[in-house]
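The following exercises are meant to be worked through with the sequence and the coordinates side by side. Each task is followed by a solution that goes step by step.

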Amino acid sequence: MQAASQMVTRERRFPLHVPVLVRPRLPACWSVNLSRSGIGLVANASSGATVPAEGDEIAVEFPLPDAEPVSARGTVCWRADSRSDGHTIVSLGVRFVEYAEDGQLRLTRYLHQHRQRAIVAFCPAGERHLVRQALEPELELDFCESSAEVVQKLDRGDVAALAICGHDAERASALAEQVAERAASGESGEPGQQRDLAARV
């Protein structure tokens, strides 16, 4: 067992599931989480693709919800590979070393203001105050009245959960199935998103 003085405090990471442009190119790359010091990435690597190794320097560009994309250079501090459905899934931990323009300021501002976000679908107007009382101290809530609006909000990349409310079981089941099918097929804002990055229903 490590002595308390030898333990390293891990910086808080925030979920962020958005497509990431990586140079050298790594297709179908998505963020998993984000902190002030770095970003976790996951990508589908086709056979013969050049994948960064530990210690390599790479450039990343990723969107922040409701903000301009952040561009930064970083160093790969860890890499793990696994096989799934006949292809290789590569996970990378990248530590930022330099930002373009005011990227560090925008990233810091986003993380400072960050709250876990949940979508509440089909909640009757008269019951929203009850949902707010129960959840708002802990979560940022987005109330949606249509399936199309839910899908649009899910594509932000920072939604942790989807709560389906109301009294129409058929409508609720249809939305749950639609979200599950999108996650299973990778049908989202960009191709290549890993299934386990979908919001929980």
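**Exercise 1. Determine which residues of helix 3 are buried and which are exposed, and how the buried ones are placed around the helix axis.**

Step 1. In this predicted model, helix 3 spans residues 147–154, and V150, V151 and L154 are buried there.

Step 2. Seen down the axis of helix 3, the buried residues fall within an arc of 95°, so they line one face of the helix.

Step 3. On the other side of helix 3 lie A148 and Q152, which are exposed.

**Exercise 2. Describe the surroundings of V150.**

Step 1. V150 belongs to helix 3, and with a relative accessible area of 0% it counts as buried, because the cut-off for that class is under 20%.

Step 2. When neighbours within four places in sequence are left aside, the contacts of V150 are I119, A121, C144, L162 and L175.

Step 3. V120 lies 30 residues from V150 along the chain, and the C-alpha atoms of these two residues are separated by 8.5 Å.

**Exercise 3. Work out the order and pairing of the open sheet made of 3 strands, and say which helices lie across its strands.**

Step 1. The strand order is 9-8-10, and the pairing is parallel.

Step 2. Strand 9 (140–144) and strand 10 (159–164) are the edge strands, each of them pairing on one side only.

Step 3. Neighbouring strands of this sheet are turned against each other by 25° on average, direction ignored.

Step 4. Strand 8 (residues 117–121) is joined to strand 10 by 5 bridges, and R117 stands opposite V159 in strand 10.

Step 5. Helix 3 lies across strand 8, strand 9 and strand 10 and runs at about 150° to strand 9, while helix 2 (residues 128–135) lies across strand 8 and strand 9, running at about 155° to strand 9.

**Exercise 4. Is R106 buried or exposed, and which residues is R106 in contact with beyond its neighbours in sequence?**

Step 1. R106 is found in helix 1, which covers residues 103–113.

Step 2. Its relative accessible area is 16%, and R106 is therefore buried, since the class takes values under 20%.

Step 3. Outside the four places on either side in sequence, R106 is in contact with L64, E68, P69 and V70.

**Exercise 5. Classify C77 and C144 by accessibility, and give the count of disulfides.**

Step 1. C77 counts as partly exposed, because its relative accessibility is 33%.

Step 2. C144, by contrast, has a relative accessibility of 1% and so counts as buried.

Step 3. With a disulfide taken as a pair of cysteine sulfur atoms within 2.5 Å, the count is 0 disulfides.

**Exercise 6. Summarise the chain as a whole, and identify a stretch where pLDDT stays under 50.**

Step 1. The chain holds 4 helices and 10 strands, and from the N terminus on its elements run β-β-β-β-β-β-β-α-β-α-β-α-β-α.

Step 2. Of its 201 residues, 38% count as buried, and among contacts between residues at least 6 apart in sequence, 56% join residues at least 24 apart.

Step 3. The average pLDDT of the chain is 84, with 84% of the residues scoring at least 70.

Step 4. Over residues 188–193 pLDDT stays under 50, although the model has 16 contacts beyond four places in sequence for this stretch. Where pLDDT is low, predicted coordinates should not be read in detail.

Note on methods:
Residues numbered from 1 in each chain as written. Predicted model: local features only at pLDDT ≥ 70, side-chain atom pairs only at ≥ 80, totals over all residues. Heavy atoms only, no water. Buried < 20%, exposed > 50% of the residue type's maximum accessible area, 1.4 Å probe, protein only. Helix = DSSP H or I, 4+ residues; strand = E, 2+ residues; numbered from the N terminus. Arc of directions from axis to C-beta. Pairing = 2+ DSSP bridges. Axes fitted to C-alpha atoms, helices over the stretch in contact; angles between N-to-C directions. Contact = heavy atoms within 4.5 Å. pLDDT = per-residue confidence, 0-100.
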